[in-house]
Amino acid sequence: MLEALKYRWVLTSVLFFGFLVFICSTASALDNGLARTPPMGWNSWNKFACDVSEKLIKETADAVVSSGMKDAGYVYIVIDDCWQVNRDPSGKIMADAQRFPSGMKALSEYIHSRGLKFGLYSDAGTATCQGRPGSHGYEEIDAKTYAEWGVDYLKYDWCHAENLKQQDAYAAMRDALAKSGREIVFSMCEWGTSRPWLWAEKVANLWRTTGDIQDCWDCQAGWGGMGWTLILDLQAGLEKHAGPGHWNDPDMLEVGNGGMTATEYKSHFSLWCLLASPLMAGNDIRNMTPEIKEILTNKEIIGLNQDALGTQGSKIRDDGNFEVWSKPLSDGSKGVILFNRDAQKTKMTLSWEELGFEKDKAATLRDLWLHRDLGEFGGGFSADVDPHGVVVLKVKQ
Ligand code: GLA
C-alpha cells in the first residue's frame, strides 16, 4: 500500500515537472504566425551586392509583377547590405540619401502598391558585413523604425559579432520585432555556425545553414563561399528541423546569374524547391531570358516547395553521382528528384518500395518539367537523366 502511494507520488511529481519544463520551453517559441510555407521573393545581394538604389528596387518590383514572378508566388522584395549609412543623433538608422532619395517609407509604399512586400537587411553585430551600422544595442529603435517604414521581412546577419552569442543576439531582435507592432518575417543569417536548426525554431522563421552560395556548380571560395551542390550536401539530415513557420535556409537562388548552364540552374531550382528552402531569386529580374523566367516561374516545381504539409525533402538514395531525393506531399503523393551529378547522361531507376509505397501496386507519374502525365507504372520507373540534370516527378499510389 505504502509502496503504491510512493509510486503515485513519484509519478505525479514527474508529470508535474515535465509539464513545467514543457511550458517553459514553449513560452518563448516564435509565434508570429508568418512563413507557414517557405517565403518567396527577391534579394539584391547575389547579383547587385552594394550597388543598390531606389531606382533598381522600383524597377525590380515592377519586373516581378510584369514577368509573372508575383503570380508564381514571389512577394518579398528585400534590400540586402549597403542601404544604410549612419545613425542620426537620436540613434535612428539612416538610409543612403544619395541612393534612396525618397527614403525607405516611400519605397516601401511603392512596393506595397504593387501588391508586394518589403524587406530590409541588418546585422546582429556592431557593423554589417560591408561595414555599415549594425543593430547591436539598437535592436528596439531599429525594429521600431522598420515597423514605421512598413518593413515586412528582416534578414539579420552575423558580421562583427565576435563577443556575442547567437542565441542571445537573435533573441534580442526577435523580442524587439515582437514589440514593434508589425508582423515581420525574421530571417537569421549566421551561416550555420551555431547549428541553428537545433535551437532557432523559437527565434526565427528561417535560418541560414551554410556559408554564402556562389554562382557555380561546385566551386569553393577561400572565405567560405561555395557552389550549390556543396551546399546541397550539407542539407541532408537537416529535414527533421524544418516545418511551417521555421525553415532551414540553404541561401538565395543563383538561377539566371550567368555562371551555370540552364540544365544546372534547373537542377539547383528543383532541389531548392524539394528542400522546402525559402525561394529568394537573386538575379536581375528586369533582364531575364525566357528560359530563366520559365525556370523561376514553373508552378508545378514551386508547388513542391509551397505544399501545405511543409515537409523538407530528404535524400533517400546516394549512389555516388546518382542521387534520389523525395518529399511527402499533402495529397498523399511524393515529389521525387532523380539527380545526375555525373558528366554523362545516365539511366536512373526508382522503385516504389524505396518511396515507402507498396511494391506490387501501380503508381501514376507526372513529369513536372515536361508538364506531362506519364501514365501508370508497376513496381518502379527509370529515365535517362542529362549530365548535371534532374528528372522531377510526382508519384501517386
Ligand atoms: C553575408 C551574408 C550574405 C550577404 C552579405 C552582405 O556574407 O551571408 O548573404 O547578406 O553578408 O554583406
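# A tour of the ligand site and the cysteines

Begin at the ligand and select Asp 80, where a side-chain N or O atom lies 2.6 Å from an oxygen atom of the ligand. The model on screen is a predicted one, and every distance given along this tour is to be read with that in mind.

Keep the ligand in view and add Lys 155, whose side chain places an N or O atom 2.8 Å from a ligand oxygen. Then add Asp 212, where the corresponding distance between a side-chain N or O atom and an oxygen of the ligand is 2.5 Å. Switching on a surface for the protein shows how the ligand is covered: taken alone it exposes 310 Å², and the protein buries 94% of that.

Next, widen the selection to the whole shell, which consists of 13 residues surrounding the ligand, with Asp 80, Asp 81, Lys 155, Asp 157 and Asp 212 as the closest. If you colour this shell by residue class, six residues come up as nonpolar, one as polar and six as charged.

Now leave the ligand and select the cysteines. The count of disulfides comes to three, and their pairing along the chain follows the pattern 1-2, 3-4, 5-6 when the bonded cysteines are numbered in order.

For the disulfide between Cys 50 and Cys 82, the S to S distance is 1.8 Å. This pair links distant parts of the chain, 32 residues apart: Cys 50 sits in the loop between helix H2 (45–48) and helix H3 (54–66), while Cys 82 sits in the loop between strand E2 (76–78) and strand E3 (84–87). The two ends differ in class of exposure, since Cys 50 is partly exposed at 26% relative accessibility, whereas Cys 82 is buried at 1%.

Move on to Cys 129 and Cys 159, which are joined by a disulfide with an S to S distance of 2.1 Å. Looking along the bond, you will find a right-handed link, with 95° about the S-S bond. Cys 129 lies in the loop between strand E5 (117–123) and helix H6 (139–149), and Cys 159 in the loop between strand E6 (153–157) and helix H7 (166–179), so the disulfide ties together parts that are 30 residues apart in sequence. Of this pair, Cys 129 is partly exposed, with a relative accessible area of 28%, and Cys 159 counts as buried at 17%.

The remaining stop among the disulfides is the bond from Cys 216 to Cys 219, with its sulfur atoms 1.8 Å apart. Here the link is left-handed, with -70° about the S-S bond. Cys 216 is buried at 12% relative accessibility, while Cys 219, at 31%, is partly exposed.

Finish with two further cysteines, beginning with Cys 189. Why is the sulfur of Cys 189 not bonded to the closest cysteine sulfur? That closest sulfur belongs to Cys 129 and lies 6.8 Å away, which is too far for a bond, because a disulfide needs the two sulfur atoms within 2.5 Å. Cys 189 is itself buried, with a relative accessible area of 2%.

Then select Cys 273, for which the closest cysteine sulfur, in Cys 216, is 20 Å away and therefore too far for a bond. Cys 273 counts as buried too, at 0% relative accessibility.

Note on methods. Residues numbered from 1 in each chain as written. Predicted model: local features only at pLDDT ≥ 70, side-chain atom pairs only at ≥ 80, totals over all residues. Heavy atoms only, no water. Near = heavy atom within 4 Å. Polar contact = N/O pair within 3.5 Å; in protein donor to acceptor, adjacent residues only side chain to side chain. Areas by Shrake-Rupley, 256 points an atom, 1.4 Å probe, with all protein chains shown as cover. Nonpolar A, V, L, I, M, F, W, Y, C, P; charged D, E, K, R; others polar. Helix = DSSP H or I, 4+ residues; strand = E, 2+ residues; numbered from the N terminus. Buried < 20%, exposed > 50% of the residue type's maximum accessible area, 1.4 Å probe, protein only.
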